Amino acid sequence: MLSAPMEIPLAGRVIGHEGIGKVEAVGSQISQFAPGDWVVPASIWNCGQCQPCLTGLENQCEISRLLGLEFDGLFANTADLPPSMLLKVSDAVGGPDDVVALSALEPVATALQACDKTQMHEHSRVLIFGGGPIGAYAAMLARCSYSCQKIDLVEPIDKRRQLVASWCDEVYSPGQFAQSDQYYDVMIEASGDVDNINRHFLKMAAGGHIAVLGRCGRSLSIDHVDHMITNGITVQGCRGQLGGYMQKALELYKSGSLPIASLISEVVAGPAPLERLQQILIAGGYGQAAQCKRVLVLDAASLRF
Ligand SMILES: [Zn+2]
């Protein structure tokens, strides 16, 4: 089913790559999953056989495929997914609140990988650009899991700044942050505006690490290369959540140390959830009024326990 790359078909694509579902049926060769299991899909399919896959770099699989883009995703009542993409989460699901929270496990795991790659620790001063789900969960993780010394976040939308405030020391609008003269050990660029890296590169302290997540198709230039060399600053790309990060994120949730649901600002349920989402989007609900994470319940019966 996933052997060759494919274009997005003219007939359309089922989008969506963050979610949770219940196994409805399994193939005859499948023993690790059974109907009724709760599972969370990774957003990337990987082959498990190429050089990156064999060396633990599954995120960089040479023939990786993106769920909801290169094959049909989760905005549907059923999805046909290979078992290698799925993490069983049944033992963390005690009721509907867990289902809603774990629907965001995928962006949590992506943020966790970014935090891990920047080697953040309790003395780290952390700067995050972007208060969407990845940036917001990175702030939550920096606070709850890494106990970082200082966590600042830059985000243009008021509501998102309010939502992430409890995980941060300072939350700035981009205009406010331009006046800041703080120094940081970690920068996580999750806004998609890679120019933030160059714009604020001199704020990076010695030994600093920069993780870049928001793919935007633009070039990155760094004016202050001497600052990078002198201070041994690294810039690295960071993608997806394979390589065990989903499992680690699940363990954090099960330990009770990660309130994933606190960043879920709306649960859209009811008889026609996709139509309701369409209304929200047409009304501009993804712009100034945007919240952080909206969960769409496509099968209301699945939330009855
Ligand atoms: Zn591979």
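**Entry 1. Helix 3**

I began with helix 3, residues 105-117, and checked its length: 13 residues at 1.5 Å a residue should span 18 Å, and the end C-alpha atoms are 18 Å apart, so the two agree. I note here that the model is a predicted one. Next I looked at how covered the helix is. Of its 13 residues, 11 are buried, so helix 3 is largely enclosed by the rest of the structure. I listed the buried residues as Leu 105, Glu 106, Pro 107, Val 108, Ala 109, Thr 110, Ala 111, Leu 112, Gln 113, Ala 114 and Cys 115. Just after the helix I came to Gln 119, which takes a positive phi of about 55°.

**Entry 2. The zinc site**

Which residues hold the zinc ion as donors? I found Cys 47, Cys 50, Cys 53 and Cys 61, each giving its SG atom, at 2.3 to 2.4 Å from the ion. I then looked up the angles between the four donor atoms. They run from 105 to 117°. An arrangement of four donors counts as tetrahedral if all angles lie between 85 and 135 degrees, so this one is tetrahedral. Along the sequence I wrote the spacing of the donor residues as C-x2-C-x2-C-x7-C. For two of the donors, Cys 50 and Cys 53, I also noted that both are buried.

**Entry 3. The sheet of three strands**

I turned to an open sheet of three strands, ordered 1-2-5, with antiparallel pairing. Strand 1 (21-22) and strand 5 (86-88) stand at the edges; each has a single partner strand, so one side of each has no neighbour in the sheet. Between strand 2 and strand 5 I found three bridges. One residue pair I looked up was Pro 41, whose bridge partner in strand 5 is Leu 86. I also noted helix 9, residues 245-254, which lies across strand 2 and strand 5 and runs at about 30° to strand 5.

**Entry 4. Ala 42**

I moved to Ala 42, in the loop between strand 2 (38-41) and strand 3 (44-45). Is Ala 42 buried or exposed? Its relative accessible area is 3%, and the limit for buried is under 20%, so Ala 42 is buried. Leaving out residues up to four places away in sequence, I found that Ala 42 touches Leu 67, Met 85, Gln 241, Leu 242 and Met 246. I also looked up Tyr 245, which is 203 residues from Ala 42 in sequence, yet the two C-alpha atoms are 9.8 Å apart in space.

**Entry 5. The sheet of six strands**

I went on to an open sheet of six strands in the order 8-7-6-9-10-11, with parallel pairing. I found strand 8 (170-172) and strand 11 (234-237) at the edges, each pairing on one side only. From one strand to the next the twist averages 15°. How many bridges join strand 9 to strand 10? I found five, between residues 184-189 of strand 9 and residues 204-212 of strand 10, and the two strands run parallel. As one residue pair, I noted that Glu 189 has Val 212 of strand 10 as its bridge partner.

I then looked at helix 4, residues 133-144, which packs on this sheet and touches strand 6 (125-129), strand 7 (150-154) and strand 9. The direction of helix 4 makes about 170° with that of strand 7. I checked its length too: the 12 residues reach 16 Å from first C-alpha to last, close to the 16 Å expected at 1.5 Å a residue. Helix 4 is mostly covered, with nine of its 12 residues buried. Among the buried ones I noted Pro 133, Tyr 137, Met 140 and Leu 141.

**Entry 6. Ser 173**

I found Ser 173 in the loop between strand 8 and helix 6 (174-178). Its relative accessibility is 16%, so Ser 173 counts as buried. With residues up to four places away in sequence left out, I listed its contacts as Val 154, Glu 155 and Arg 161.

**Entry 7. Val 268**

My last residue was Val 268, which has its place in strand 12 (residues 264-268). I noted that Val 268 is buried, with a relative accessible area of 2%. What does Val 268 touch, not counting residues up to four places away in sequence? I found Pro 273, Arg 276, Ile 280, Arg 294, Val 295, Leu 296 and Val 297. I also looked up Pro 96: its C-alpha atom is separated by 13 Å from that of Val 268, and the two residues are 172 residues apart along the chain.

Definitions and conventions: Residues numbered from 1 in each chain as written. Predicted model: local features only at pLDDT ≥ 70, side-chain atom pairs only at ≥ 80, totals over all residues. Heavy atoms only, no water. Donors = N, O, S within 2.8 Å, 3.2 Å for Na, K, Ca; no water. Tetrahedral: all angles 85-135°; square planar, octahedral: opposite > 155°, others 65-115°. Buried < 20%, exposed > 50% of the residue type's maximum accessible area, 1.4 Å probe, protein only. Pairing = 2+ DSSP bridges. Helix = DSSP H or I, 4+ residues; strand = E, 2+ residues; numbered from the N terminus. Axes fitted to C-alpha atoms, helices over the stretch in contact; angles between N-to-C directions. Contact = heavy atoms within 4.5 Å. Expected span 1.5 Å × (residues − 1).
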